[in-house]
Amino acid sequence: MPQPDTGKTVLTGLRVYAKSLLGLELTDKQLGRFSGFTDLLLEWNQRMNLTGITEPAEIAVRHFLDSLTLTLVVPRFDGLRLIDVGTGAGFPGLVIAIMFPDAHVTLLDSTGKKLRFAEHVCDALGVGNARTLHARAEEAGKQKPYREVYDVVTARAVARMPALMEYTLPLAKIGGQVIAMRGTEAYEESNRAARAISELGGELFAIEDIQLPTLSNPRHLVVIDKIAATPRRYPRNAGTPERQPIL
Ligand code: SAM
């Protein structure tokens with residue numbers, strides 16, 4: 001008879017997958033934090049909609065391991081400034097903060113209550129290198145403290161690619177990168193976003209295909225280099241990138 005997941009077996013699985021798939025050694029302290037993160041996610045998810053995934057083993061793969069695949073395209077996070085646009089419950093940004101205590105992570109979302117969850121996780125687990133930013137990406141991208149300052153800008157499941165480029169590229173510094181974590185539509189959407197990418201100062205560098213254990217469909221990391229300043233007229237006002245994407 002199948003046994004229900006216990007926290008211990010789930011975390012052992014995460015440790016094994018992180019090592020075999022990504023070459024990452026998770027310490028006991030990091031595993032403890034991922035365990036605490038799982039508990040808090042499930043607890044808060046009863047009160048607010050943070051995730052549709054409620055099996056701990058699935059959380060380990062679809063949230064933690066998926067977030068950690070960023071290490072396949074960013075070899076060192078230590079010392080980097082990363083902003084995670086539309087972080088929701090903290091994916092991928094908070095996972096990166098837990099894994100790399102010397103990364104400087106900003107978790108941006110327009111929904112304050114999701115950020116309150118992320119703040120609670122940081123407080124409860126002692127994660128000191130992540131801060132939250134309650135704003136729309138279109139607003140943050142216009143403001144001096146955030147515009148063109150980040151080494152890495154990440155986003156998972158936030159918007160379609162052309163609009164997403166207008167949310168993310170203004171935040172990346174020249175020489176930095178945007179990494180869009182996409183599903184099956186990655187190639188088609190990247191083609192559709194070609195004009196937005198070049199207009200906003202980016203250049204498509206690579207699309208990395210990833211097969212996660214237990215999932216049937218591959219995941220894709222679309223990596224865009226920031227090669228030139230974003231013209232001052234971008235990002236346009238909140239809502240415009242979605243309604244009138246640069247095509
Ligand atoms: N990245 C998380 C993940 O993969 O689990 C959350 C994905 S959730 C589907 C999308 C999130 O993006 C929501 O929390 C939403 O509030 C946020 N979002 C959407 N558009 C945004 C914008 N223009 N500026 C800031 N946040 C935005």
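Trainee: Is alanine 157 buried or exposed?

Mentor: This is a predicted model, and the values below are computed from it. Exposed means over 50% relative accessible area. Alanine 157 has a relative accessible area of 71%, so alanine 157 is exposed. Its place is the loop between strand S4 (150-156) and helix H7.

Trainee: What is the sign of phi at alanine 157?

Mentor: Most residues other than glycine have a negative phi. In alanine 157, phi is positive, near 55°. Threonine 214 also has a positive phi, near 70°. Threonine 214 sits in the loop between strand S6 (202-210) and S7, and it counts as exposed because its relative accessibility is 68%.

Trainee: Which peptide bonds should I look at for cis geometry?

Mentor: Most peptide bonds are trans. The bond from phenylalanine 91 to proline 92 is cis, with omega near 5°. Proline 92 is in the loop between strand S1 (81-85) and helix H4 (93-99). Another cis bond joins tyrosine 234 and proline 235, with omega about -5°. Proline 235 belongs to the loop between S7 and H10.

Trainee: Tyrosine 234 is on one side of that bond. Which side chain does tyrosine 234 contact?

Mentor: A polar contact is read from the distance between N or O atoms, with a cut-off of 3.5 Å. The side chains of tyrosine 234 and glutamate 199 are joined by a polar contact of 2.8 Å. Glutamate 199 is part of helix H9 (residues 194-199). Buried means under 20% relative accessible area; glutamate 199 counts as buried because its relative accessibility is 19%.

Trainee: How many residues of helix H7 are buried?

Mentor: An α-helix has 3.6 residues a turn, so residues three or four places apart point the same way. Helix H7 (residues 161-168) is mostly covered, with 8 of its 8 residues buried. The buried residues include Met161, Glu166 and Thr168.

Trainee: How are separation along the chain and separation in space to be read together?

Mentor: Take one pair at a time. Alanine 238 and glutamate 138 are 100 residues apart along the chain, and their C-alpha atoms are separated by 5.4 Å. Alanine 238 is in the loop between strand S7 (219-226) and helix H10 (240-243), and is partly exposed because its relative accessible area is 37%. Isoleucine 174 and methionine 161 are 13 residues apart along the chain, with 20 Å between their C-alpha atoms. Isoleucine 174 lies in strand S5 (residues 172-182); its relative accessible area is 47%, so isoleucine 174 is partly exposed.

Trainee: Now the ligand. How many residues surround the ligand, and which are the closest?

Mentor: The ligand is surrounded by 17 residues, and the closest are Gly86, Phe91, Asp109, Ala137 and Arg156. By class, the shell has 7 nonpolar, 5 polar and 5 charged residues. Strand S2 (104-109) and helix H6 (137-140) each supply at least two residues of the shell. The space that the ligand takes is the second largest pocket.

Trainee: Which polar backbone atoms lie by a nitrogen atom of the ligand?

Mentor: Three residues can be listed with their distances. A polar backbone atom of phenylalanine 91 is 2.7 Å from a nitrogen atom of the ligand. For glycine 86, a backbone N or O atom lies 2.8 Å from a ligand nitrogen atom. For serine 110, a backbone N or O atom lies 3.3 Å from a ligand nitrogen atom. Taken alone, the ligand exposes 600 Å², and the protein buries 80% of that.

Technical notes. Residues are numbered from 1 along each chain as its sequence is written. Side-chain values use heavy atoms; hydrogens and water are left out. Buried means under 20% relative accessible area, exposed over 50%, partly exposed in between (1.4 Å probe, protein chains only). Helices (H or I, at least four residues) and strands (E, at least two) are DSSP runs, numbered from the N terminus. A residue is near a molecule or strand if one of its heavy atoms lies within 4 Å of it. A polar contact is a pair of N or O atoms within 3.5 Å; within protein, one must be able to donate a hydrogen and the other to accept it, and residues adjacent in sequence count only if both atoms are side-chain atoms. Accessible areas come from the Shrake-Rupley method with a 1.4 Å probe; for residues, only the protein chains shown count as cover. On a 1 Å grid over the protein atoms alone, a cavity is a set of points where a 1.4 Å probe fits but cannot get out, and a pocket is an open set with protein on both sides within 12 Å along at least five of seven lines; lining residues have an atom within 4 Å of a point. A molecule sits in a cavity or pocket if more than half of its atoms lie within 2 Å of its grid points. Ala, Val, Leu, Ile, Met, Phe, Trp, Tyr, Cys and Pro count as nonpolar, Asp, Glu, Lys and Arg as charged, and the others, Gly among them, as polar.
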